[in-house]
Protein chains: 2
Amino acid sequence: MSVFAHHTHDFAANPDAALQAADAHFQKTGVRFTPLRRRVFEIILRAGKPIGAYDILERLRDHGKIAAPISVYRVLDFLIEQRFVHRLATINAYMACVTPEDPHAAQFLICQCCGSVTEISDPIIDKAIAEGAKTAHFQVSYPLVEIMGVCADCVREGKTPASGCAPDHDD
Amino acid sequence: MSVFAHHTHDFAANPDAALQAADAHFQKTGVRFTPLRRRVFEIILRAGKPIGAYDILERLRDHGKIAAPISVYRVLDFLIEQRFVHRLATINAYMACVTPEDPHAAQFLICQCCGSVTEISDPIIDKAIAEGAKTAHFQVSYPLVEIMGVCADCVREGKTPASGCAPDHDD
DNA sequence: GTAAGGTCGCTACACTATAACAAAATCGCC
DNA sequence: GGCGATTTTGTTATAGTGTAGCGACCTTAC
């Protein structure tokens, strides 16, 4: 039992299902899901963790595709706009949204030790931000929450960010 | 009456007072507030809004100081560690903390139209994030909240991010 | 078929940040 | 004051991230 239990699919863990869902979605909406866009989305999905724009570029090239950075960024803009991909500003990386069909504000738990990122969707955080912004008469378009720290696994191993994320010695 | 009313000083609006407070703080703690560090902090304060590292560099040079980017970044790291400056990851810019003496989690309201940034410190948001992270057994070191949207002033002028932040036409 | 709009390729470039090593300033100690 | 250790800054070079501008191509609508 976890906080993520309400997610019906974890697309990040199931690239094929996510791709099929995307195919269906774009078929339905009429928005063009071109081979390049599909390929980039697939690369992000299969990465299984946040991936940089230039890493995506490299993997495109591995598959014989000659591409320039701008091509990748254009596709990323598209996928972000379509809410299939999130951008992580603090680490300049991109990851697949776990529940693209369900519009939601997301929060990200970024482990400074192992680099893993967990997407959560906590309505309490979301509501708190909405209220805070409303008090300041600020009209929110996109609330970005990136929580830096140490994930449960790394905490268990005694790692800390201060020690460069090696197990902490008390010397 | 605003949400910021509890701030005893708004240092961003009063560079001289902020500099004096910084002098006193570093005098007291024994941490070295060198001329370069003081100069960079002053530049950030006088900017009155978020400023990029290379803009800081340029202003250093305006004052006859020859400096390389790395010098600025080193000072920024120092000022951030000392909690006198915040880094805004979404816009790659730096701004003075409004209440450096009072350790707090901050949230930022970033206007996509006029570029203004307002720092708030909403304990409800902070608590919600702390709780959410706790549920995921995640040990927080730094919660980053950058809320993109349109500030009160720009909303009043009918601006929207969709329209490239020009007043919105209903055509 | 043709015009219009969207997508992609291509070249070049701007912006953001760091590495590695040397020189200089500062601090603690005698 | 002199000396070594530490911290800060300078210097040069380079890595990493993101865009501009323009033309070709492809798709769609008429």
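This text walks through a predicted model of two protein chains and two DNA strands, starting where the protein chains meet and ending inside one helix.

Begin with the contact between the two protein chains. Chain B brings 34 residues to this contact and chain A brings 33 residues. The two chains bury about 2,700 Å² between them, and 71% of this area comes from carbon and sulfur atoms. On the side of chain B, three residues give more of the area buried against chain A than any other three: Phe138(B), Gln139(B) and Leu144(B), which supply 21%.

What kinds of residue does chain B place against chain A? By class, 24 residues on that side of chain B are nonpolar, eight are polar and two are charged. The rule finds zero salt bridges across the interface of chain B and chain A. Polar contacts do occur there, in twelve residue pairs with both members at pLDDT 80 or more.

Next, place these residues on the fold of chain B. Four elements of chain B each supply at least two residues of the side that touches chain A: strand β3 (107–111), helix α5 (123–135), strand β5 (139–150) and helix α6 (152–156). Which of these elements gives the most? The answer is β5(B), with twelve residues.

Now follow β5(B) across to the other chain. Strand β5 of chain A, residues 139–150, pairs with β5(B). The two strands run in the antiparallel sense, and eleven bridges join them. Two of the bridge partners can be picked out in the structure. Val145(A) has Val145(B) as its bridge partner in β5(B), while Met148(A) has Tyr142(B).

The strand β5(B) also pairs within its own chain. There, β3(B) and β5(B) run parallel and are joined by five bridges. In this pairing, Gln107(B) has Val145(B) as its bridge partner. Val145(B) is therefore a residue to look at twice, because by the DSSP bridges it is partner both to Val145(A) and to Gln107(B). When looking along any of these strands, keep one general point in mind. In a regular strand, side chains alternate between the two faces of the sheet.

Turn now to the DNA, beginning with DNA strand C. There are 17 residues around this strand, and those that come nearest are Thr34(A), Lys65(A), Arg74(A), Tyr54(B) and Arg87(B). Both protein chains thus appear in the list of nearest residues. Of the atoms of DNA strand C within 4 Å of the protein, 49% belong to sugar or phosphate, and the rest belong to bases.

Several side chains reach the phosphates of DNA strand C. In chain A, an N or O atom in the side chain of Arg37(A) is 3.2 Å from a phosphate oxygen. In chain B, a polar side-chain atom of Tyr73(B) lies 3.0 Å from a phosphate oxygen of the strand, and one of Asn92(B) lies 3.5 Å from a phosphate oxygen.

Which helices supply at least two residues each of the surface near DNA strand C? They are α2 (35–47) and α4 (69–81) of chain A, together with α4 (69–81) of chain B. The largest share, three residues, comes from α4(A). By class, the surface has eight nonpolar, three polar and six charged residues.

DNA strand D is surrounded by 16 residues, and the closest are Tyr54(A), Arg87(A), Thr34(B), Lys65(B) and Arg74(B). Sugar and phosphate make up 48% of the atoms of this strand that come within 4 Å of the protein.

The polar contacts here involve both phosphate and base. A phosphate oxygen of DNA strand D is 2.9 Å from an N or O atom in the side chain of Lys65(B), and another such distance, to the side chain of Tyr94(A), is 3.3 Å. Arg74(B) has a polar side-chain atom 2.6 Å from a base nitrogen of the strand.

The surface near DNA strand D takes at least two residues each from α4 of chain A and from α2 (35–47) and α4 of chain B. Here α4(B) gives the most, with three residues. The residues of this surface divide into seven nonpolar, three polar and six charged.

Finally, consider salt bridges over all chains, where the rule counts twelve. One of them joins the side chains of Arg39(A) and Glu42(A), at 3.2 Å from N to O. Both residues lie in helix α2 of chain A, three residues apart, which is about one turn of the helix.

Note on methods: Residues are numbered from 1 along each chain as its sequence is written. Chains are lettered from A and ligands numbered from 1 in the order in which they are written. This is a predicted model: local features need pLDDT of at least 70, side-chain atom pairs count only at pLDDT 80 or more; totals for chains, interfaces and linings use all residues. Side-chain values use heavy atoms; hydrogens and water are left out. Contact means heavy atoms within 4.5 Å. Buried area is the accessible area (1.4 Å probe) that two parts lose on being put together, summed over both. A salt bridge is a side-chain nitrogen of Lys or Arg within 4 Å of a carboxyl oxygen of Asp or Glu. A polar contact is a pair of N or O atoms within 3.5 Å; within protein, one must be able to donate a hydrogen and the other to accept it, and residues adjacent in sequence count only if both atoms are side-chain atoms. Ala, Val, Leu, Ile, Met, Phe, Trp, Tyr, Cys and Pro count as nonpolar, Asp, Glu, Lys and Arg as charged, and the others, Gly among them, as polar. A residue is near a molecule or strand if one of its heavy atoms lies within 4 Å of it.
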